[in-house]
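Q: Please pick one residue in this structure and look at it closely. Then work outward from it to the rest of the chain.

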Amino acid sequence: MTTRSMRMTAPDDTHPRPGPHAVEVRGLTKAYDGRTVVDDVTFTVEEGEIFAILGPNGAGKTTTVESIAGLRTPDAGRVRVCGQDPVAERGRVRDVLGVQLQESSFQDKLTAREIIDTFRGLYPDPLDTEQLLGQLGLDGVASTRYAKLSGGQQQRVSIAVALVGRPRVVILDELTTGLDPQARRETWGLVEDLRDSGVTVLLVTHFMEEAERLADRLALLDRGRLVAVDTPAGLVDGAGLEQQLRFSTTAQLDEDWIRRLPEVSGVNRVRDEFVVTGDERMLFSVVSLLAARDIVPGRLQVDQPTLDDAFVALAGRTLDDAQEVAR
Ligand SMILES: Nc1ncnc2c1ncn2[C@@H]1O[C@H](COP(=O)(O)OP(=O)(O)OP(=O)(O)O)[C@@H](O)[C@H]1O
């Protein structure tokens with residue numbers, strides 16, 4: 001299913017030309033009952049990228065995307081979608097923006113086909129229902145009532161609804177929450193197909209793995225504040241995290257030889273096992289030193305920092321711990 005072409009959403013000339021950014025958010029601030037839940041958040045999403053907003057429960061992700069969709073009015077800041085103000089120019093934004101919001105639910109008794117047909121009526125130039133059903137792998141269940149569809153199929157109906165108006169930009173909020181691993185992977189394939197067809201995707205997730213796998217760039221949000229915006233690799237590099245090299249050897253190897261290498265920040269030795277930490281050039285310099293002394297290391301293992309590690313470095317706690325606190 002994931003290899004199907006999703007070209008149906010390619011932008012056409014009837015929609016307004018995009019501004020320099022597909023989405024622009026500057027200084028976005030929103031409070032509920034005097035409590036600020038989105039605090040001076042700034043980022044831009046460029047045309048054709050998958051941009052993820054990653055953060056624990058309650059971080060302000062949904063409030064941010066609902067502000068982009070014009071469903072919330074910011075207390076302060078500027079939001080633009082393809083150059084249009086989602087509150088003041090609601091109709092124009094609806095023409096360019098598709099939205100799949102968290103826990104979308106449709107009438108249980110309607111079939112997948114009827115749901116898509118209902119939403120087609122909202123747009124001047126909607127996609128063909130049968131084509132959309134086919135491209136999302138829903139043709140076999142087109143006549144099945146929504147309540148009888150699997151979780152993954154229901155999610156695909158909500159994606160179909162977000163796409164039916166041929167959006168330039170689509171918001172997908174917690175798209176894979178509640179899906180089993182296979183349905184999640186299939187949905188990831190659909191999101192990549194969308195990006196490949198030229199649609200800009202703004203993805204909200206609290207799954208690190210999902211952001212790492214899909215996002216061209218991502219924003220880390222924690223307690224309403226933007227912690228960082230970068231590519232997944234850039235976030236890891238920018239967090240200044242160290243690499244770790246483990247190896248064993250029974251050869252004569254003095255720890256101080258390794259410790260004196262400028263790229264090395266620490267050496268820990270337990271019997272014949274060495275654990276060396278240092279910057280990204282440490283691996284090369286340690287292996288060179290071993291080679292120069294004719295030492296062949298055993299059980300060599302390199303631990304690169306992950307996006308999880310970067311979140312800890314930037315937010316001061318793991319994403320899982322942050323989830324627990326929010327619960
Ligand atoms: N309509 C509302 N009235 C009052 N408080 C709200 C409202 N909507 C959200 N909140 C609160 O604002 C904070 C941010 O919520 P938001 O849904 O934007 O976060 P989130 O990062 O999307 O979290 P989740 O992943 O749990 O959906 C939370 O503490 C939430 O309880």
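**A close look at T205**

A: T205 is buried, because 22 other C-beta atoms lie within 10 Å of its own and 20 are enough to count. The model is a predicted one. T205 sits in strand β7, which covers residues 200-205. Leaving out residues up to four places away in sequence, T205 touches A52, L54, E174, E210 and A211. A further distance helps to place it. The C-alpha atoms of T205 and L172 are separated by 8.7 Å, and the two residues are 33 positions apart along the chain.

One of these contacts leads inward. A52, a partner of T205, is also among the residues with the most contacts inside the largest nonpolar core. That core has 66 residues, and A160 and L203 are listed with A52 as its best-connected members. Helix α5 (residues 151-163) supplies the largest share of this core, 6 residues. A second core, separate from this one, has 9 residues. L245, F247, V264 and F274 are included in the second core.

Now take A160. Beyond four places in sequence, A160 touches I116, L132, L136 and L138. I116 brings in helix α3 (residues 112-120), where A112, R113, I115 and I116 are buried. These four cover an arc of only 165° around the axis, so they lie on the same side of α3. A general rule helps here: an α-helix has 3.6 residues a turn, so residues three or four places apart point the same way. The buried residues of α3 pack against α4 (129-135) and α5.

Past α5, the chain enters the loop that leads to β6 (169-173), and R166 is found there. R166 has a positive phi of about 55°, although it is not a glycine. R166 is buried, because its 21 other C-beta atoms within 10 Å meet the cut-off of 20 or more.

D40 makes a useful counterpart. Its phi is near 55°, again a positive value in a residue other than glycine. D40 belongs to strand β2 (residues 35-45). Its burial class is partly exposed, because 14 other C-beta atoms within 10 Å fall between the limits of 12 and 20.

Next, the ligand. It is surrounded by 13 residues, and Y32, N57, K61, T62 and T63 are the closest. By type, the shell holds 3 nonpolar, 8 polar and 2 charged residues. Helix α1 (residues 61-68) gives the most to this shell, with 3 residues.

The loop between α1 and β4 (76-81) contains T73. T73 is exposed, because 11 other C-beta atoms within 10 Å are under the limit of 12 or fewer. T73 and T63 are 10 residues apart along the chain, with 9.8 Å between their C-alpha atoms. T63 is one of the closest residues to the ligand.

Further along the chain is G316. The loop between α11 (307-315) and α12 (319-326) holds G316. G316 is exposed, with 11 other C-beta atoms within 10 Å. From G316 to V96, the C-alpha atoms are separated by 38 Å, across 220 residues of chain.

Finally, the whole protein. The domain assignment gives domain 1 as residues 21-231 and domain 2 as 242-303. The C-alpha centres of the two domains lie 46 Å apart. The C-alpha atoms fill a box of roughly 75 × 45 × 40 Å along the principal axes. The protein has 12 helices and 13 strands. Of its 327 residues, 37% are buried. Among contacts with a separation of 6 or more, 71% join residues 24 or more positions apart.

Back to the starting point. T205 is a buried residue in β7, and its contact A52 is among the best-connected members of the 66-residue core.

Technical notes. Residues numbered from 1 in each chain as written. Predicted model: local features only at pLDDT ≥ 70, side-chain atom pairs only at ≥ 80, totals over all residues. Near = placed C-beta within 6 Å. Helix = DSSP H or I, 4+ residues; strand = E, 2+ residues; numbered from the N terminus. Nonpolar A, V, L, I, M, F, W, Y, C, P; charged D, E, K, R; others polar. Core = buried A, V, L, I, M, F, W, Y, C linked by C-beta atoms within 7 Å. Contact = placed C-beta atoms within 7 Å. Domains from an automatic or database assignment. Arc of directions from axis to C-beta.
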